[in-house]
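Let's walk through this model together, one question at a time. Have the structure open as you read.

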There are 2 protein chains.
Amino acid sequence: MNSVNSTQLQPELTKLGIRLRRLRHQRNWTLEALAKQTGISEAYLSRLEGGERQPSLSILFTLAGAYNVAISSLFEPEQTAESCVIVRAANAVIQEGQGLLYTPLSSGNRFTSLHPMRVTVTANRQGDHLYQHEGEEWLYVLTGQLQLTIEDEEYFLQPGDAAHFDGRTPHRLSSVGGSDVEIILVACAPPHPLRGSHS
Amino acid sequence: MNSVNSTQLQPELTKLGIRLRRLRHQRNWTLEALAKQTGISEAYLSRLEGGERQPSLSILFTLAGAYNVAISSLFEPEQTAESCVIVRAANAVIQEGQGLLYTPLSSGNRFTSLHPMRVTVTANRQGDHLYQHEGEEWLYVLTGQLQLTIEDEEYFLQPGDAAHFDGRTPHRLSSVGGSDVEIILVACAPPHPLRGSHS
DNA sequence: AAGATAATTTGCCTAGCGGTCAATTTTTTC
DNA sequence: GAAAAAATTGACCGCTAGGCAAATTATCTT
């Protein structure tokens with residue numbers, strides 16, 4: 001009665017194995033070389049890379065050390081190595097949400113982490129809602145005067161000013177001075193954002 | 001003769017335990033509740049959080065599932081929850097490197113992932129060097145005309161255009177049209193960059 | 001093509017640790 | 001204070017992580 005496999009385990013093990021093997025091949029190492037370096041037997045390494053064994057953390061730490069990568073990187077979703085996405089000012093697609101005007105500055109999900117956009121905070125809009133999300137956020141004021149509220153702190157930003165803050169602390173944007181504010185906003189989301197929490 | 005502990009294991013286990021406990025407390029869950037939900041015994045959970053046991057991957061996957069977080073996040077360095085960093089245009093600190101002029105737009109390392117900067121590509125500079133680094137890169141042209149070379153592809157960007165690419169593919173910036181180019185550049189580095197590889 | 005050598009995989013085994021139950025201790029509540 | 005809830009610990013077992021050595025497959029050499 002092991003209800004363990006809510007996230008099916010085997011495919012994850014296979015993926016892990018593949019990543020490990022790729023790391024090794026990238027370095028042109030043989031199983032023997034790796035075994036000698038880490039003190040782990042060739043046989044076991046082979047089984048790991050085949051996804052036939054479930055490595056203990058100590059093994060994972062050792063391997064991550066040998067490859068000089070973070071353990072977490074062994075579990076991160078594959079980077080789609082799409083080379084480049086260009087978004088032209090001419091083709092801007094403006095979206096509306098919560099009284100703000102958005103223009104995504106990258107076509108979405110080919111890259112995982114960065115989510116850049118151009119945002120227009122319309123004049124006299126009073127930001128009612130406090131935003132809160134995983135990851136970091138950074139913004140840069142192009143034109144206008146921005147009022148940035150972080151939790152209970154207030155900042156006033158001029159064109160050329162930048163702000164960098166933790167997305168988890170409640171924040172809000174509004175314009176001051178009676179004219180629209182144009183900003184560049186870049187969010188950086190972790191690979192697997194925490195969605196609505198608890199039961 | 002287990003040469004496993006190159007990266008000392010025990011402290012990592014402790015850290016992991018602390019993270020797990022924090023996740024549980026954040027949700028106001030009791031060991032019993034978590035045990036019931038996951039099918040893992042309270043006793044064992046307690047030991048895990050105390051760092052006294054080395055969880056198997058299947059256990060980790062189950063827990064990550066219960067908390068709805070990525071497994072990798074269990075191994076990532078603590079996010080320093082510093083709330084906000086403001087950089088004023090007035091206080092810009094200009095640095096020079098490789099023929100480019102940099103202005104960091106966030107004061108460094110309090111946040112891990114995002115590294116925003118304003119870059120001036122001086123006129124007629126010929127980007128000789130091809131850059132290559134971990135993580136993603138995104139840029140936005142403020143003024144001037146930029147020539148962006150990604151591997152063997154060439155792109156010409158006008159003010160307002162944006163580009164998003166994988167930092168690992170070799171890339172280079174240069175100016176065209178005989179005038180300086182001002183851009184916003186945001187790099188997104190993974191927590192633990194791969195430093196110089198292999199032996 | 002066939003030896004020879006390097007590289008990986010597989011059969012088989014077991015020590016040790018992951019994981020549980022039940023009892024004990026600590027913390028909270030009223 | 002007692003009583004209930006939450007967390008920890010002792011003692012134990014089964015399973016599997018991981019090693020050894022033989023077998024297989026891939027890579028050279030000539």
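Q: Which element supplies the largest share of the surface near DNA strand C?
A: Keep in mind that this is a predicted model. Helix H1 (9-26) and helix H3 (42-49) of chain A, together with helix H3 (42-49) of chain B, each give at least two residues to the surface near DNA strand C. With four residues, the largest share comes from H3(A).

Q: How many charged residues does the surface near DNA strand C have?
A: There are 19 residues around the strand, and among those that come nearest are A:Glu42 and B:Tyr44. By class, six are nonpolar and six are polar, while the charged ones number seven.

Q: Which side chain has an N or O atom 2.9 Å from a base nitrogen of DNA strand C?
A: Let's go through the arginines. A:Arg21 places a polar side-chain atom 3.0 Å from a phosphate oxygen of the strand. B:Arg53 has one 3.1 Å from a base oxygen. The partner of the base nitrogen, at 2.9 Å, is A:Arg47.

Q: What percentage of the atoms of DNA strand C within 4 Å of the protein belong to sugar or phosphate?
A: These atoms are divided between bases on one side and sugar or phosphate on the other. The sugar or phosphate part is 52%.

Q: How many residues are in the largest nonpolar core?
A: Helices of chain A and chain B supply this core, H4 (57-67) of each chain among them. A:Phe75 is one of the residues with the most contacts inside it, and its contacts include B:Leu57 and B:Phe75. The number of residues in the core is 48.

Key: Residues are numbered from 1 along each chain as its sequence is written. Chains are lettered from A and ligands numbered from 1 in the order in which they are written. This is a predicted model: local features need pLDDT of at least 70, side-chain atom pairs count only at pLDDT 80 or more; totals for chains, interfaces and linings use all residues. Side-chain values use heavy atoms; hydrogens and water are left out. A residue is near a molecule or strand if one of its heavy atoms lies within 4 Å of it. A polar contact is a pair of N or O atoms within 3.5 Å; within protein, one must be able to donate a hydrogen and the other to accept it, and residues adjacent in sequence count only if both atoms are side-chain atoms. Ala, Val, Leu, Ile, Met, Phe, Trp, Tyr, Cys and Pro count as nonpolar, Asp, Glu, Lys and Arg as charged, and the others, Gly among them, as polar. A nonpolar core is a set of buried Ala, Val, Leu, Ile, Met, Phe, Trp, Tyr and Cys residues joined through side-chain atoms within 4.5 Å. Buried means under 20% relative accessible area, exposed over 50%, partly exposed in between (1.4 Å probe, protein chains only). Contact means heavy atoms within 4.5 Å. Lists of a residue's contacts leave out its neighbours within four places in sequence.
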